[in-house]
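Colleague: I would like a close look at a single part of this model, namely its empty spaces and what surrounds them. Please explain it for a first-year student.

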Amino acid sequence: ISGPFPGSTPLRRFLKRKFVRDTLALQIGKIGTTLLTLLSALLVARLLGTSAYGVWALAQSILSIALTLNLTGLNTSISIQLPMAVGARSAGEILNLLAVYVKVGLLWSAALTVVLFLAGPSLAGQAYAGESYVGLLAAWLSLTVLPDMLYNLFVMAIQSQRSMRTIAVIQNLNQLVLLLCTLVALLLSPTPEGMVASRVAYSIITALIALAFYNRLRQTYQPPYPPLIVAGKPAAGYLELAFKALSIPATFTSALFENIQAVVPQAIGRGDYRRLRQNFLRVVLALLTGIRLFSALFALTVPVSIPI
């Protein structure tokens, strides 16, 4: 601000401070995201219809309840420790923090999705007077958990460098994508299923947008941030060895399966289902015993045969 008004020079000095400019950028960005979020919510409530909107709300509530079981503390710990690592210019610690977040995020999101698919429909049926379908929608909605966590990770990484204007841009793009995905879903399929699909698409798209910003900026940081990776080349080598090990039992069982392909159709043709069932159970038991023995022997020999 310029001009003859008293106090204009101190005000200019105040506005030139990075902390003040960053705070203003974030606040302006928050206003934009709030308006876009409100518009998206109003459109869904208006165009989806009372009954369908209620199903959509219940599915979201089930996922929200399930998310309260996330006791990893990832967001809180990373948001504090990552700026500390940046301040210490510790590239190794930055890599370690990002890798831990990705690994734990993968495990948590996968476990949550599996549990919701297995138990969600039955629990929803008991809680909502037989509306088990709501639980299934919540399970599909849980596919948003991992991309949302990755989005948060990229945002926290950029935030740790105090790039607040970039954060404001990303946040507004995030809500703009949400609005667009919502509009497309309401036009093509104004149903709870359509809203679930739009929310999954929104989470994936916004995670990719944040990743694009991260990849563009990470080399400009000091120290430079690593690319998205869960583990390095040595881990990939060990993983390849593990896959090769898993192929070994197939070598010893291939003859058995080839024989079964001939025996089973004959037994079905004779109608000898009782003996077929008995033999099938024997084969399964033998395979389970064999794979356990192989796994035990492999676990004993790996420390000696595979270099650390």
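Modeller: What follows goes from the open pocket to the closed cavity, then to the nonpolar core and a few remaining details. The model is a predicted one.

Rolling a probe the size of a water molecule over the atoms shows where empty space is left.

Start with the largest pocket, which has a volume of about 280 Å³. Its lining is made up of 17 residues, and N75, V145, D148, M149 and N152 are the closest to its centre. Three helices each supply at least two residues of this lining: α4 (74-87), α7 (145-159) and α9 (192-217). The largest share comes from α7, with five residues. Sorted by class, the pocket lining has nine polar residues, seven nonpolar ones and one charged one.

One residue of helix α9 deserves a separate look, namely S203. Is S203 buried or exposed? S203 has a relative accessible area of 1%, and it is buried because that value is under 20%. Apart from residues up to four places away in sequence, S203 touches T144, P147 and D148. D148 also appears among the residues closest to the centre of the largest pocket.

Now turn to the closed space. The count comes to one cavity of 30 Å³ or more. The largest cavity has a volume of about 80 Å³. Which residues line the largest cavity? They are L95, L98, A99, V102, L153, F154, A157, Y214, P226, P227, L228 and I229. Both α5 and α7 supply at least two residues of this lining, and α5 gives the largest share, four residues. By class, the cavity lining consists of 12 nonpolar residues, with no polar and no charged ones. The pocket lining, by contrast, includes nine polar residues and one charged residue.

The next topic is the nonpolar core. The largest such core has 53 residues, and within it L82 and Y225 have the most contacts. The elements that give two or more residues to this core are α2 (18-48), α3, α4, α5, α6, α7, α8 (164-188) and α9. Among these, α7 gives the most, with 10 residues. Leaving out neighbours within four places in sequence, L82 is in contact with I94, L97, L98, M156, A157, S160 and Y225. Two of these contacts of L82, L98 and A157, are also in the lining of the largest cavity.

Helix α6 (residues 132-141) gives another view of the interior. Its buried residues are V134, G135, L137, A138, A139 and L141. An α-helix has 3.6 residues a turn, so residues three or four places apart point the same way. The cover over the buried residues of α6 includes α3 (50-67), α5 (91-127) and α9.

Last comes a charged pair. The structure holds one salt bridge. It joins R275 to D272, with the closest N and O atoms 3.8 Å apart. How accessible are the two partners, R275 and D272? R275 has 49% relative accessibility and counts as partly exposed, because that value is not over 50%. D272 has a relative accessible area of 22% and is partly exposed too, because that value is not under 20%.

Technical notes: Residues are numbered from 1 along each chain as its sequence is written. This is a predicted model: local features need pLDDT of at least 70, side-chain atom pairs count only at pLDDT 80 or more; totals for chains, interfaces and linings use all residues. Side-chain values use heavy atoms; hydrogens and water are left out. A salt bridge is a side-chain nitrogen of Lys or Arg within 4 Å of a carboxyl oxygen of Asp or Glu. Buried means under 20% relative accessible area, exposed over 50%, partly exposed in between (1.4 Å probe, protein chains only). On a 1 Å grid over the protein atoms alone, a cavity is a set of points where a 1.4 Å probe fits but cannot get out, and a pocket is an open set with protein on both sides within 12 Å along at least five of seven lines; lining residues have an atom within 4 Å of a point. Grid points are joined across faces, edges and corners, and a volume is the space filled by probe spheres set on the points. Ala, Val, Leu, Ile, Met, Phe, Trp, Tyr, Cys and Pro count as nonpolar, Asp, Glu, Lys and Arg as charged, and the others, Gly among them, as polar. Contact means heavy atoms within 4.5 Å. A nonpolar core is a set of buried Ala, Val, Leu, Ile, Met, Phe, Trp, Tyr and Cys residues joined through side-chain atoms within 4.5 Å.
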